[in-house]
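Reader: Please take me closely through one helix of this model and its surroundings, beginning with a residue that touches it. I would like the packing set out step by step, and then placed within the chain as a whole.

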Amino acid sequence: MTDVLIVVAHPDDAEIAMGMRLRDHTLTGDHVRVHCLSPGASTAEEADQRRSECRAAGALLGVAEYSFSQIPDNEFVERRVEINRELFRVFSKRRPDIVYTHFPDDQHLDHRITADEATTVALREAEALYYFRSPYSHGFEPTLYFIGTPDLLAAKQAALACFHSQQQLDMSVFSGLTELAYRQHLHHRVVERFPDGAHGAEMFRTARQVVHATRPRVSRPGDATPASGAAARPLRGPGHLPAEPGHDPPPHTLSHSCRRASP
Ligand SMILES: [Zn+2]
């Protein structure tokens, strides 16, 4: 099972930026945790409401665990050491294979600090690190496009609707961005090749990705072709790694570009 950890500054950051990608991970059988550094509220009552909104959205998307630190909004700079300590604690609780977090160049200072500190810990503890694009990312040039489906977009919209306290943000705008924003980055000839039913996209930058060698085939007497050398088995790109046994992706999803090869 692949362990996925999403580190965000505020409640709803994960669902806005990568609700479809998150749901695709859980449908594939991955264990997904979301850790939110801020309670996103100034009173205990509001914090309770935001936590329950997160858990409702997480339940719809299949999140295994939604956890929280208590770093107040707009105090991330002063609490940097505490954030670093908290993240080491979160990573040591269950070591992630794949980490997602904010893009370091962001218009929101809390997002910047989260990205910096999550990067510091993830580069020591995880094989793969991706930055998601959010509406506040600045100068974001994607390297990975996750192309959705109508089902995944509907799941994201349902998750966003759980954030009742944030409806002043008009969550329909965020799902609209998911449907359209990626097209400005891709030539129309590339977009034309997307499968029928592709619906929206979420964008990421790869900070680290490790690709394991495919296990060489053992040669047997009587084999028609030699099993050693480059011709025996073509090299596969990172988007064509073999699926893990028992974890074939559902037919509506694209192949998982960052899955570890079978050991
Ligand atoms: Zn945020």
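Author: Two residues are in contact here if their C-beta atoms, placed from the backbone, lie within 7 Å of each other. The model is a predicted one, and the values that follow are computed from it.

With neighbours within four places in sequence left aside, Leu37 is in contact with Ala9, Ser69, Ile71, Ile83 and Thr114. Leu37 itself lies in the loop between strand E2 (31-36) and H2, and because 28 C-beta neighbours fall inside 10 Å, this residue counts as buried, the cut-off for that being 20 or more. Leu37 and Ser69 are separated by 32 residues in sequence, yet their C-alpha atoms are 4.6 Å apart in space. Among the contacts of Leu37 is Thr114, and this residue leads into the helix that I take as the centre of the account.

Thr114 is one of the buried residues of H4, which also include Asp110, His111, Arg112, Ile113, Ala115, Glu117, Ala118, Thr119, Val121 and Ala122. Helix H4 covers residues 109-125, and its 17 residues should span 24 Å at 1.5 Å a residue; the C-alpha atoms at its ends are 24 Å apart, so the expected and the computed span agree. The cover over the buried residues of H4 comes from several parts of the chain, including strand E1 (3-8), helix H3 (80-93), strand E4 (98-102), strand E5 (128-132) and strand E7 (201-208).

Of these neighbours, helix H3 can be described in detail. Two packed helices are described by the angle between their axes and by the distance between those axes. For H3 and H4 the angle is about 40° and the axes are 10 Å apart; the two helices are therefore oblique to each other, since angles under 35 degrees would count as roughly parallel. Their crossing is right-handed. From H3 the contact draws on Arg80, Ile83, Asn84, Leu87, Phe88 and Phe91, and from H4 on Ile113, Glu117, Ala118, Thr120, Val121 and Glu125. An α-helix has 3.6 residues a turn, so residues three or four places apart point the same way. Ile83, which belongs to this contact, is also among the residues that Leu37 touches.

The strands that cover H4 lead on to the nonpolar core. Nonpolar side chains tend to be buried together in soluble globular proteins. Here the largest nonpolar core has 54 residues, and those with the most contacts inside it are Ile6, Val99, Tyr130 and Phe132. Helix H1 (residues 13-27) gives the most to this core, with 6 residues. Tyr130, again leaving aside neighbours within four places in sequence, is in contact with Tyr100, Leu144, Phe204, Arg205, Thr206 and Ala207.

A second pair of helices can be set beside H3 and H4. Helix H2 (residues 44-61) and helix H5 (residues 150-160) pack at an angle of about 165°, with their axes 8 Å apart, which makes H2 roughly antiparallel to H5. The contact is made by Ala57, Leu60 and Leu61 of H2 together with Ala155, Ala158 and Ala159 of H5, and this crossing is right-handed.

Two loop residues deserve a separate word. Most residues other than glycine have a negative phi. Asp12, in the loop between E1 and H1, is not a glycine and has a positive phi of about 85°; with 24 other C-beta atoms within 10 Å, Asp12 is buried. Asn74, in the loop between E3 and H3, likewise has a positive phi, of about 65°, without being a glycine, but Asn74 is exposed, with 11 other C-beta atoms within 10 Å.

Ser67, in strand E3 (residues 65-68), is partly exposed, with 15 other C-beta atoms within 10 Å. Not counting residues up to four places away in sequence, Ser67 touches Arg33, His35 and Val90.

Finally, the chain as a whole has 7 helices and 7 strands, which from the N terminus on run β-α-β-α-β-α-β-α-β-β-α-α-α-β. Of its 263 residues, 39% count as buried. Among contacts between residues at least 6 apart in sequence, 75% join residues at least 24 apart; the pair Leu37 and Ser69, 32 residues apart in sequence and in contact, is one example.

How values were computed: Residues numbered from 1 in each chain as written. Predicted model: local features only at pLDDT ≥ 70, side-chain atom pairs only at ≥ 80, totals over all residues. Helix = DSSP H or I, 4+ residues; strand = E, 2+ residues; numbered from the N terminus. Expected span 1.5 Å × (residues − 1). Buried ≥ 20, exposed ≤ 12 C-beta atoms within 10 Å, placed from the backbone. Core = buried A, V, L, I, M, F, W, Y, C linked by C-beta atoms within 7 Å. Axes fitted to C-alpha atoms, helices over the stretch in contact; angles between N-to-C directions. Parallel < 35°, antiparallel > 145°, perpendicular 65-115°, else oblique. Left-handed = near helix turned anticlockwise from the far one by under 90°.
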